[in-house]
Structures are given as C-alpha cells and as structure tokens.
Amino acid sequence: MSKRDYYDVLGVSKSANEKEIKKAYRKIAIKYHPDKNPGDKSAEEKFKEAAEAYDVLSSPEKKQRYDQFGHAGMGGAGKGGFSGGGMNMDDIFSQFGDIFGGGFGGFGGGGQRRRVSKGSNLRIRINLTLQDVVEGVDKKIKVRKLVLAEGASFSKCTNCNGNGQVTRISNTILGQMQTSTTCPACNGTGKKIEKRPPGSDQNGMIQKEETVEISIPAGVEDGMQLKVSGKGNAAPMGGVNGDLLVIISVEDHPELIRDSSNNLHYDKYISFSEAVLGTSTEIPTVNGKVKIKVDSGTQSGKTLRLKGKGVPSVEGYKTGDLLVHINVWTPQELSKEEKKFFEKCIDSKNFAPNPKKTDKSFFDRVKEMFG
C-alpha cells in the first residue's frame, strides 16, 4: 500500500512554515493519541503516520529532500534504517512527547508523565574504498550491545504505582500545594526489576553480539557520520533503543583523487613524441580502465573531461566528472642521435612557442577547475 503524501497527512500546504506544521501535527496527534483511543488500531496507525510526516516536514534537510524526490528520496524505510519511516510508539514519545503538552504521558499514563528512558548510542567506524563510495555498498557488521536478558521480567513500581512520578500535597500559608516529582525508586520508569537472570546487570541487561546490515548510500565523504536508528544499546526497563552511529572512513585511491565538487582527478604523463603525434592511451576509472584519445599537438597541462565518471552526490542529484590532466614528459637524458635531432629542430618555426588566444594559461585552467 503506497504512502500518503506527508502534506496531506498533516493537512498543510507545501508553503507552510515550521509553526504551522507543528500546530497541525499537534492537533492530529492529540486527536489520535493512544490515551484517548485505547485499543483502537486505526487511531494508532494514524498517530504513527502523523508522527512520521512531522519527523520529515519539521526538518529543513529532510523536507527539502522530500520536496525534490518524494517518498523515494527518504531512502529506504527498510534495510539500513537511515530514514525517518517506520517509527514505533517509543520513538514518537521520546522525540515528540513535549508537543502533546501536560495532558498526556509517555505510555497511557492517565494524566501522569512517565519518564521514557533511552539506551546509549554506539559508534563504529567503517572503511570504504572509492568504488564503495561511487556505487554505494551494503555492509554486514557485528556489534556488541546491551540487550534485555532472556527471562528478565519487571513489575509495577509500588512507590509510584507505575506512574513514574510521586505526588505530594503540602500545606502552605496560601493553602494546599500539590507537587509532582520523579519517583526516586524507579527513576521515573514506573517499573522495577522482578526477575534478574544470572549474568545480567541490575536492570536485567547483558552484552550480546548482533549482526547489523547497513546500506551506505553512494557519495558519502570521509568523516561523515550516518545514523541507524534503534540499533544502539537497549534501554533499561523497556525504553527506546539508542542509535548506531556510523563514521565513514574512505581509503585513498592509488591513482584517483576526489575534490569537494565530487570530481575525480588523474595525472596522465605522455611522452614528447606522443604529444606531437597524438596517441590513444588507457586511464583508470573507479570501474576499470578506459581508452582516451590525445590529439596531436596537445600541450602539457591540458585537461580532458570525462562526464559522469566522478562521484555522485550523496543527495543523488548530480554526479561529478573525471578530469584527466595531461603532462608532457620532457626527456632528461638523450642519445647522441636524439640530441642531434633536436638540435636540428631548435630553429624550426614549428618548434617555436606560438600560443593562440584560445590557449588557456595555467591560472586560467586553475580558475576554471575550482571556479
């Protein structure tokens, strides 16, 4: 079943500002909140749908990408987990619970706000080749994380009756005053450990190895950090899982260099004879070697551009080029016959420098490359 347009979900126009989007989401979230619709699966789905729409439209970066590419631009609500889709109730209350105001709590708290705990994040570093960056790649990695031990069970905190807060009434000169504070016995979770399996910590958690499959999009850069939602440490007492933060490390290519514009650069050296007569030569690309033609009379410093042979942008809207910089190699040692040949040519008008107005200087080429 296809997803509804996020603007239609919230009932706002594409020109709606941040305040209007937030107001529209709050109205829908309160209408379909689980506390007002206990056991109503349809209301729960509408509640989740609105939260997913708000998650995207409230973020300038996600909104811009959605406006350009629609749901396809949100990048896979499935494998990899980099998108905002597929939110569960824990995610929603953890991220947007403040929007509902004081009338609702974390999980059907009956007017009391129960604390939603969140597991800590995990960080890993993944090494990629330039080919991985150009094509995108799926990686399977093993991470050790905190999870709830099998057999662990919890019961309602008797100190706060599962509300996560304790209420006290005190007499003042102005009359009775009611104050609510976080329950010190359960730290606001509303639960306490009842059965703790051997080897687990005080919250019933143990370390366990898990294999996580990550889809890394094409165009990522060295040092970039990606987030896989919900794949970090589990939270004590059944809260929201932390995230897995993936730090990208790109290995240097032996021959190609990437610039900030997603172009690749390659220095090609040719002989003086090849520059004079022209030649056909091989150059490397990320996907293997290709042949290029070097015209006769090519000057050292000339740049040949292979369109679309560079790196795609991570947003997916443009792919850089491969720039081949021609360098004419001047021989440093000559035989007697070779030396005599060039001595004969030294006064030839064809060997005399004669740049045309269309020939670009070194500085012109630099400005063209980076400007």
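## Two open sheets and a nonpolar surface patch

One open sheet has 4 strands in the order β10-β11-β15-β14, and its pairing is mixed. Its edges are β10 (257-258) and β14 (303-306). Each of these has a single partner strand, so one side of each lacks a neighbour in the sheet. The model behind this description is predicted.

Within this sheet, strand β11 (residues 264-271) pairs with strand β15 (residues 322-329). The sense is parallel, and the pairing runs over 8 bridges. To find the register on screen, start at Y269: N327 in β15 stands opposite.

A further open sheet has 3 strands. Their order is β1-β9-β8, again with mixed pairing. Here β1 (122-128) and β8 (225-228) stand at the edges. Both have a single partner strand, so each has one side without a neighbour in the sheet. On average, neighbouring strands of this sheet are turned by 30° against each other, with direction ignored.

β1 pairs with strand β9 (residues 244-250) in the parallel sense, over 7 bridges. Within that pairing, I126 has I248 in β9 as its bridge partner.

In general, strands of a sheet pair through backbone hydrogen bonds, in either a parallel or an antiparallel sense. The two parallel pairings described above are set side by side here.

| Strand pair | Sense | Bridges |
|---|---|---|
| β11 (residues 264-271) and β15 (residues 322-329) | parallel | 8 bridges |
| β1 and β9 (residues 244-250) | parallel | 7 bridges |

Next, the surface. F272, V276, L277, F341 and F351 form a nonpolar patch there. Together they have about 480 Å² of accessible area. Which helix gives the most to the nonpolar patch? Helix α7 (residues 272-277) does, with 3 residues.

V276 lies in helix α7. Is V276 buried or partly exposed? Its relative accessibility is 43%, so V276 counts as partly exposed. The cut-offs behind this call are under 20% for buried and over 50% for exposed, with partly exposed in between.

Now the protein as a whole. It contains 9 helices and 15 strands. Of its 371 residues, 38% are buried. The exposed area is about 22,900 Å², and carbon and sulfur atoms supply 48% of that. Take the contacts between residues at least 6 apart in sequence: 64% of them join residues at least 24 apart.

Notes: Residues are numbered from 1 along each chain as its sequence is written. This is a predicted model: local features need pLDDT of at least 70, side-chain atom pairs count only at pLDDT 80 or more; totals for chains, interfaces and linings use all residues. Side-chain values use heavy atoms; hydrogens and water are left out. Patches are made of residues with over 30% relative accessible area and no salt bridge: like charges are joined within 9 Å, nonpolar side chains (Val, Leu, Ile, Met, Phe, Trp, Tyr) within 5 Å. Accessible areas come from the Shrake-Rupley method with a 1.4 Å probe; for residues, only the protein chains shown count as cover. A salt bridge is a side-chain nitrogen of Lys or Arg within 4 Å of a carboxyl oxygen of Asp or Glu. Buried means under 20% relative accessible area, exposed over 50%, partly exposed in between (1.4 Å probe, protein chains only). Contact means heavy atoms within 4.5 Å. Two strands pair if DSSP finds at least two bridges between them. Axes are lines fitted to C-alpha atoms, for helices over the stretch in contact, and angles run from 0 to 180 degrees between N-to-C directions.
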